[in-house]
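Reader: I'm new to this one, and I'd like a close look at a single part. Could you walk me through the sheet and whatever sits around it?

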Amino acid sequence: MFKRNLISLSAAVMVSGLLLSSGARAADPVAVVNGEPISQQTYERYLKYRSQQQNGQSGEIDREALINELVNRELLLQEAKKQNLDENPAVAFRLQQLQADALIQALIQKEAQSKPVSESDLKKEYEQRVAASDAKEYKASHILLKSEDEAKAIIKELDGGAVFADVAKAKSTGPTAKNGGDLGWFNANQMVPPFTQAVAKMKKGAYSKTPVKTQFGWHVIKLEDERKVTPPKFEEVKDQLRSMKSSQIIQQYVIQLRQDANVEIK
């Protein structure tokens, strides 16, 4: 059941005004407020609007509560007009923008519906992305030092046969020192670019022969292992792909509108 709460004044002006101005007054209104009828059509449209607001949440929509909510809206709307708030520049601008938003959204929906994205389109997009993907995850360790000279000295130790994990425990200034510098598995987006770029060029089991500088200091890195990232299944990303393809269609539509229009930016 809907809560019997009052909405904000500006929302009341917007919603009630749009609903009441959208159609004829029904012969049998659901309520009359100070001589102003609230039609059955208005009730049905508002019922649909509130059902969408529930977004799939369970609960029966109570007719009496909904009518009372419409009555409250109408009372607020009448009072707002009585106080000439519709002539307030800020309120008028907001109403203008809300109307523009509604029209733009209707146009976008119409354009999207006229060019539906098929299942085969989505599968083709998915297959292309999977084929082009070279996403990897890396397992690496590092030794973090404060200066380049210290990092170079560590590399000499490793060249001389020192065990990477032991050196990391003894000399790394990073929080992973106690674990022998082990960073675990990570993808490219989880590390700063200089670090990831260095790791991507290394061979499994090798350590960096030159120090790698980041905002955290100087690193000596060892690539322990790497693996390709298993792409998500089609069904898991289908909705995301559909949204992306629909956005592309609208973007192209806007580009075409601009190309056909006379636009002067001053």
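Author: Here is a walk through the four-stranded open sheet, followed by its surroundings.

Keep in mind that this is a predicted model. For a bit of setting, the protein has nine helices and six strands. Of its 266 residues, 29% are buried. If you take the contacts with a separation of 6 or more, 67% of them are between residues 24 or more positions apart.

Now the sheet itself. Reading across, the strands come in the order S4-S3-S6-S5, and their pairing is antiparallel. The edges are S4, at 182-187, and S5, and each of these pairs on one side only. Going from one strand to the next, the twist averages 45°.

Let's take the pair in the middle of that order. Strand S3 covers residues 136-145 and strand S6 covers residues 217-228; they run antiparallel and are joined by 10 bridges. You can find two of the partnerships by eye: Lys139 has Asp225 as its bridge partner in S6, and Ser141 has Lys222 as its partner there. If you're tracing side chains as you go, it helps to know that in a regular strand they alternate between the two faces of the sheet.

Next, move over to the S5 edge. Strand S5 takes in residues 212-214, and it pairs with S6 in the antiparallel sense over three bridges. Val212 is a good place to look, since it stands opposite His219 in S6. The link from S5 to S6 is a hairpin, made through two residues.

Then there are the helices. Helix H6, residues 148-159, packs on the sheet and touches S3 and S6. The direction of H6 makes about 50° with that of S6. Helix H8, residues 193-200, lies across S3, S4, S5 and S6, and it runs at about 155° to S5.

Zoom in on H8 for a moment, and you'll come across Thr196. Its relative accessibility is 10%, so Thr196 counts as buried, the cut-off being under 20%. Leaving aside residues up to four places away in sequence, Thr196 touches Ala188 and Met191.

Asn189 makes a nice contrast. You'll find it in the loop between S4 and H8. Asn189 counts as exposed because its relative accessibility is 76%, and the cut-off for that is over 50%. Asn189 also shows how the chain comes back on itself: Glu137 is 52 residues away in sequence, yet their C-alpha atoms are 9.9 Å apart in space.

One last stop is the second largest pocket, which has a volume of about 350 Å³. Its lining is made up of 14 residues, and those that lie nearest its centre are Arg129, Val130, Ser133, Pro231 and Pro232. Two elements give two or more residues to that lining: helix H5 (119-132) and helix H9 (234-260). H9 gives the most, with four residues. Sorted by type, the lining has nine nonpolar residues, three polar and two charged.

Technical notes. Residues are numbered from 1 along each chain as its sequence is written. This is a predicted model: local features need pLDDT of at least 70, side-chain atom pairs count only at pLDDT 80 or more; totals for chains, interfaces and linings use all residues. Side-chain values use heavy atoms; hydrogens and water are left out. On a 1 Å grid over the protein atoms alone, a cavity is a set of points where a 1.4 Å probe fits but cannot get out, and a pocket is an open set with protein on both sides within 12 Å along at least five of seven lines; lining residues have an atom within 4 Å of a point. Grid points are joined across faces, edges and corners, and a volume is the space filled by probe spheres set on the points. Ala, Val, Leu, Ile, Met, Phe, Trp, Tyr, Cys and Pro count as nonpolar, Asp, Glu, Lys and Arg as charged, and the others, Gly among them, as polar. Two strands pair if DSSP finds at least two bridges between them. Axes are lines fitted to C-alpha atoms, for helices over the stretch in contact, and angles run from 0 to 180 degrees between N-to-C directions. Contact means heavy atoms within 4.5 Å. Buried means under 20% relative accessible area, exposed over 50%, partly exposed in between (1.4 Å probe, protein chains only).
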